[in-house]
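Welcome! Please take a moment with the sequence and the 3D view, then try each exercise before reading its solution.

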Amino acid sequence: MGGGQFFLVFLLLFSSAMACGGCVHRAKAAHFTSFSALSVGACGYGSMALGFSGGYVAAASSALYRGGVGCGACFQVRCKNTKICSGRGVKVIITDLNKSNDTDLVLSRPAYVAMARRGMGKALKKLGIVDVEYKRIPCEYSSNNNLSIRVEEKSQRPNSLTIKFLHQGGQTDIVAVDVAQVGSSNWQFMSREHGPVWSTDRSPVGPLQLRMVVTGGYDGKWVWAQKEVLPVHWKTGSVYDLGVQITDIAREGCLDSDPHTLTGK
């Protein structure tokens with residue numbers, strides 16, 4: 001078995017241990033009092049986070065954040081106070097780490113209020129912390145939002161390359177990233193710096209192509225960008241489209257949580 005195949009098998013076994021991401025969990029949730037806290041989130045999205053899903057974003061506990069692997073994951077969250085909250089819940093994207101032990105999730109104010117029944121937003125905010133149930137769900141983006149990368153400012157051509165993944169769809173995690181010159185089989189692995197940010201100091205000279213190992217529950221596979229992703233003269237601060245969309249949904253067991261789906265729309 002080649003080194004790359006062995007590595008992929010290891011990742012698949014590791015991902016199976018991370019099962020239960022789509023099962024229903026019961027916990028508590030709070031909300032941020034300002035947008036400024038979200039713009040400096042641990043995932044490194046910065047002010048871009050405010051544009052994700054209409055500002056419906058959240059900070060997650062360390063168990064959900066998973067050392068940054070959980071950045072960009074989507075969750076459905078529903079408040080269990082039926083007098084104040086509706087049954088539909090809200091969908092949020094993880095953009096930050098919640099260091100508090102009091103709650104699993106801290107939602108942006110728009111996301112938190114969206115859980116309320118009509119006219120009950122103020123009452124919900126006054127509660128501060130509420131009982132919720134949540135589950136991981138597939139992230140869905142429009143056809144105009146393929147998986148993309150942003151070249152971070154610390155990058156320096158030709159060999160120092162740091163990228164940030166955006167619009168990661170499906171119910172999956174990116175656990176390995178390789179880069180190579182277009183048409184070459186000499187792939188160079190990248191290392192996760194934090195969250196959705198990956199880097200290498202040994203990047204080939206462009207134009208460049210990318211491939212990723214994507215896992216979800218018990219499943220994992222290579223995802224290839226079948227085209228030039230970065231031109232020879234790539235620029236820092238620019239966003240480049242990979243031309244692919246990840247739509248995989250995890251298959252997993254619910255060994256330590258409620259296997260039932262959230263009700264309500």
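The exercises below go from the whole chain to single residues, and they are based on a predicted model.

**Exercise 1. The overall picture**

Find how many helices and strands the protein has, and what share of its residues counts as buried.

*Solution.* Start with the elements: there are four helices and 14 strands. Next, turn to burial: of the 265 residues, 49% count as buried. Then look at the surface, where the accessible area comes to about 12,800 Å² and carbon and sulfur atoms hold 52% of that area. Finally, consider contacts between residues with a separation of 6 or more: 73% of these link residues 24 or more positions apart.

**Exercise 2. Strand β4 and its partners**

Locate strand β4 (residues 90-97) and work out why it is largely enclosed by the rest of the structure. Which way do β2 and β3 run beside it?

*Solution.* Begin with burial, for which the cut-off is under 20% relative accessible area. Six of the eight residues of β4 are buried, so the strand is largely enclosed by the rest of the structure. Now take β2 (residues 57-60): four bridges join β2 to β4, and the two run parallel. In this pairing, Ala60 stands opposite Leu97 of β4. Then take β3 (residues 74-79), which is also joined to β4 by four bridges but runs antiparallel. Here Cys74 has Ile93 of β4 as its bridge partner.

**Exercise 3. The nonpolar cores**

Identify the residues with the most contacts inside the largest nonpolar core, and say which elements give two or more residues to this core.

*Solution.* The largest nonpolar core has 25 residues, and those with the most contacts inside it are Val77, Leu105, Leu107, Met115 and Leu124. The elements giving two or more residues to this core are β1 (25-31), β2, β3, β4, β5 (105-107), α3 (109-114) and β6 (130-137). Zoom in on Leu105: beyond residues up to four places away in sequence, the residues that Leu105 touches include Ala60, Leu64, Val77, Ile94 and Tyr134. To finish, look for a second, separate core of 24 residues, which includes Phe165, Ile174, Met212 and Val244.

**Exercise 4. Unusual backbone angles**

Find which residues are joined by a cis peptide bond, and where the residues Arg66 and His167 lie.

*Solution.* Recall the background first: most residues other than glycine have a negative phi, and most peptide bonds are trans. One cis bond joins Arg157 and Pro158, with omega about 10°. Pro158 sits in the loop between β7 (148-151) and β8 (161-166). Another cis bond joins Gly206 and Pro207, with omega about 5°, and Pro207 is in the loop between β11 (197-200) and β12 (208-216). Move on to phi: Arg66 is not a glycine, yet has a positive phi of about 55°. Arg66 belongs to the loop between α2 (62-65) and β3. His167, also not a glycine, has a positive phi of about 60° and lies in the loop between β8 and β9 (173-181).

**Exercise 5. Buried or exposed?**

Decide how Ser155 and His167 are classed by accessibility, then list what Ser155 touches.

*Solution.* Ser155 has a relative accessible area of 5%, so Ser155 is buried. His167, at 23% relative accessibility, counts as partly exposed. Ser155 is placed in the loop between β7 and β8. The side chain of Ser155 reaches the backbone oxygen of Glu152 at 3.0 Å. Setting aside neighbours within four places in sequence, Ser155 is in contact with Ser160, Leu161, Thr162, Trp234 and Thr236.

Methods
Residues are numbered from 1 along each chain as its sequence is written. This is a predicted model: local features need pLDDT of at least 70, side-chain atom pairs count only at pLDDT 80 or more; totals for chains, interfaces and linings use all residues. Side-chain values use heavy atoms; hydrogens and water are left out. Buried means under 20% relative accessible area, exposed over 50%, partly exposed in between (1.4 Å probe, protein chains only). Two strands pair if DSSP finds at least two bridges between them. Contact means heavy atoms within 4.5 Å. Accessible areas come from the Shrake-Rupley method with a 1.4 Å probe; for residues, only the protein chains shown count as cover. A nonpolar core is a set of buried Ala, Val, Leu, Ile, Met, Phe, Trp, Tyr and Cys residues joined through side-chain atoms within 4.5 Å. A polar contact is a pair of N or O atoms within 3.5 Å; within protein, one must be able to donate a hydrogen and the other to accept it, and residues adjacent in sequence count only if both atoms are side-chain atoms.
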